[in-house]
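Thanks for making the time this morning. I would like to take you through one structure, and I will put it on the screen before I say anything about it.

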Amino acid sequence: MPLPTSTYRLQLRGDAFTLTDAANVVDYLHDLGVSHLYLSPILTATDGSTHGYDVTDTATVSAALGGREALKQLRSRASERGMGLIVDIVPNHVGVDDPRQNAWWWDVLLHGRESEYATYFDIDFGADNGVDGKIAIPVLGSASDVGELTIDRSEDAPLLAFYEHRFPIAEGTDGDDAQVVHDRQAYRLVGWSDGLIGYRRFFSVNGLAGIRQEDLDVFTDSHRQVASWVEDDLIDGLRVDHPDGLADPAGYLTELRGLLGPDRWLVIEKILADGEPLDESLPVDGTTGYDALAAVGGVFVDPEGVHALTALSQVRSGIAFDSESLHETELDLKTGVARGDLSPEVRRLARAIVRESATTVELESIIDAIVAVVAAVPVYRTDYAPLAGVLPTVIAAIVEEQPELGGGVGALATALVTGTESPVRFDQVCGAVTAKGVEDCLFYRANRLVSLQEVGGDPSRFGCSTAYFHLTNADRARRWPAAMTTLSTHDTKRGEDVRARIGVLSQAPELWARSIADWEELSPSPDGTTGMFLWQNLFGVWPVDGVITSTLRERFHAYAEKAIREAALRTTWTAPNDEFESAVHAWLDSVFDGPVAHSMTTLVETLAPHGHSDALGQKLLNLAGPGIPDVYQGTELWEDSLVDPDNRRPVDYSVRRAILAASNTGTPVIETGAAKLAVVRSALHVRRERPESFVGGTYAPIVADGAAAEHLVGFARGPVAGHHDVIALATRLSLGLSDEGWDDTTVTLPDGRWRDRITDAEHTGTVSVAEVFASLPVALLVRDNEGTATQ
């Protein structure tokens, strides 16, 4: 079964884009050059779900998306074009926000420990769980809200009701007093802020309950539909969501590989820390590409801008957000998460440690030790083979720096060595604390250069050199040639083109600092840290023509509200500060409508061409680079998406069809997005025509000669060593080329005649870089004469 040469991610929604809608764009995606459609989760999810990650029935394809028959029709339509299907699956958790929609969960609430599905969920039935061994369900405003419960007798069976929430009443426990009925159930409704959670969650989301894939019966039952896809040859591969949340990711992936077979593509959403290797013993083809995103984006960031932007951040927000302050802030935030949102998980882990270490150390001391260790762990989880030395090193440092934690750390270490439950819970807590503390909080506070703040990214690394870029690419080509690579996903904080434009600020830090000073005089932000963060995002999405539509205004207001609540500096999701939030919204309107708008438009007009240059460059390098590239829906044209749900908006394919149809009528125009679509189309077609030059192919840097050599980044690909037949070249740090241009800079091509598949220009031998980039700041060169000797 052939591997994909590329994928195209489609966000399916029952209200906007179904499996039938996906079938209707197959012809367009084939013409674009895509080999495989990559579908967001398609199993039955919570009614009205716009993303599908809250699966409520693992046995059925969502009727809202068209059901299994629509999936089969999509498969047929794709097969007619020689295209395949990849599906995103969610093994870690299921949706339980409305228990009536999840038959497993409903049965567990009805029968408690006696339910046949009680072992499916990671439920805390311990007598010491704070609710006497019952299942704690955090839905009440406070404990006193138990008095607000009622009995709903409008259905076939009576239900326990708390406003819009409904819960089952076990047989023989009904009565007239709702509170008495409640007390007879296998579950206990508790306040959402009481710190009592009766089940493992996805991070801190109460509506997503973790399931126990380590139990083979659970794996088998929850994968029956997936198994049928394989049996009926409906899919060519899977993307696995958040395997780090599972008790045993490696064991799960081994079972999944056995179900999937040896040849179908399998990639995992494994978030790698900076410098962390992916465990090569895992039976997967690679990650979903955040590591590649960081390197491709980083090579377009100017390291010379670090000092000025660090100083600006220090002046405006009081924190430099350099390596030292980022590390300190990360420790503080992870500590706060472990003691706050995830304290139920930490406390449950601590109780397991007490049991499995037979310690006499007090529970609170063990909790202190857990918090210190988890906050200091630099990766999502420590139990992958290449990370064997991480945890001992962290623990040694903590004991040295905080000897008062010695007793608790000792108990933790003992339980991790001799226990069975403690090691599992420890690594599950590690990943959740990192996600909530870093990606969902720190990345909304740090403001030195926000384009660096993506999942799996490290904002303390201010871009990367071409040497670093080439070494990471060469390693991927050698070790993980079939890993997914990407620039945008449904989870990225900003779309790829927004990041590219913001990244240009690294090339113009003084201009940016002057602009901020002027704007803060004209329209001062309510908070220095918030202002620095949002100014960059405003710059990233600001239209070149300066026209602020009502849609953009609404989108940015929604984004700002999410950003300031995630940052949790002056307001939070659980305790919104209406005064501060109103001030932020009023400030944004003053920017959109006041004198800053003209100044912002002027700056965008000046720097947007360089943003376009970087966006084209990173797109080409991603598409032609090692791995299997994914094109996130709609990103074949310019797009200005911010974080979800903004980046999950429906895509207008009629516009894209029209531009693709006109794409062979001369040099594509950068401003309209036609140039980006031309880059995507050309690269995907070349990959489809010459798959052996990419997955499993060779990789070699291309280096320019001359005064502006550092402004070119590129590489050659080929099927075997010494035979390169595809070259990708891009312009980097283009602002520095404004005065002198490429001057005498040249690049020497391997022997033969090379045709630029984007512009149709031909080149041979040593050629001026200015000539190569005469029409566009990128070039995709393909050797025309295959018989010519190579170098």
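I will start with the central sheet, go on to one of its strands and a loop residue, and end with the cysteines.

Please keep in mind throughout that this is a predicted model, and that what I quote has been computed from it.

The sheet is an open one of 8 strands, and if you follow it across you meet them in the order β16-β15-β14-β5-β2-β1-β18-β17, with parallel pairing. At the edges stand β16, residues 286–287, and β17, residues 484–485, and because each has a single partner strand, one side of each is left without a neighbour in the sheet. Across β2 (36–39) and β5 (84–89) lies helix α3, residues 67–80, which runs at about 140° to β5.

Let me now turn to β18, which covers residues 628–632 and is joined to β17 by 2 bridges, the two strands running parallel. Within that pairing, Met484 stands opposite Ile628, while Thr485 has Pro629 as its bridge partner. β18 also pairs with β1, residues 7–10, again in the parallel sense and over 3 bridges, and here the partner of Thr7 is Asp630.

How many of the residues of β18 are buried? The count is 5 of the 5, so the strand is largely enclosed by the rest of the structure. As general background, side chains in a regular strand alternate between the two faces of the sheet. In β18 both faces are covered, with Ile628, Asp630 and Tyr632 buried on one side and Pro629 and Val631 buried on the other.

From there I would like to move to Thr288, which is found in the loop between β16 and α9, the helix at 290–298. This threonine is buried, with a relative accessible area of 5%. If we leave aside neighbours within four places in sequence, Thr288 is in contact with Arg239, Val267, Ile268, Glu269, Met484 and Thr486, and you will recall Met484 as the residue opposite Ile628 in β18.

Finally, the cysteines, where the count of disulfides comes to 0. Why does Cys430 not form a bond with Cys441? The sulfur of Cys441 is the closest cysteine sulfur to that of Cys430, but the separation is 18 Å, which is too far for a bond, given that the cut-off for a disulfide is within 2.5 Å. Cys430 is buried, with a relative accessible area of 0%, and Cys464 is buried as well, with a value of 7%.

Terms used
Residues numbered from 1 in each chain as written. Predicted model: local features only at pLDDT ≥ 70, side-chain atom pairs only at ≥ 80, totals over all residues. Heavy atoms only, no water. Pairing = 2+ DSSP bridges. Helix = DSSP H or I, 4+ residues; strand = E, 2+ residues; numbered from the N terminus. Contact = heavy atoms within 4.5 Å. Axes fitted to C-alpha atoms, helices over the stretch in contact; angles between N-to-C directions. Buried < 20%, exposed > 50% of the residue type's maximum accessible area, 1.4 Å probe, protein only.
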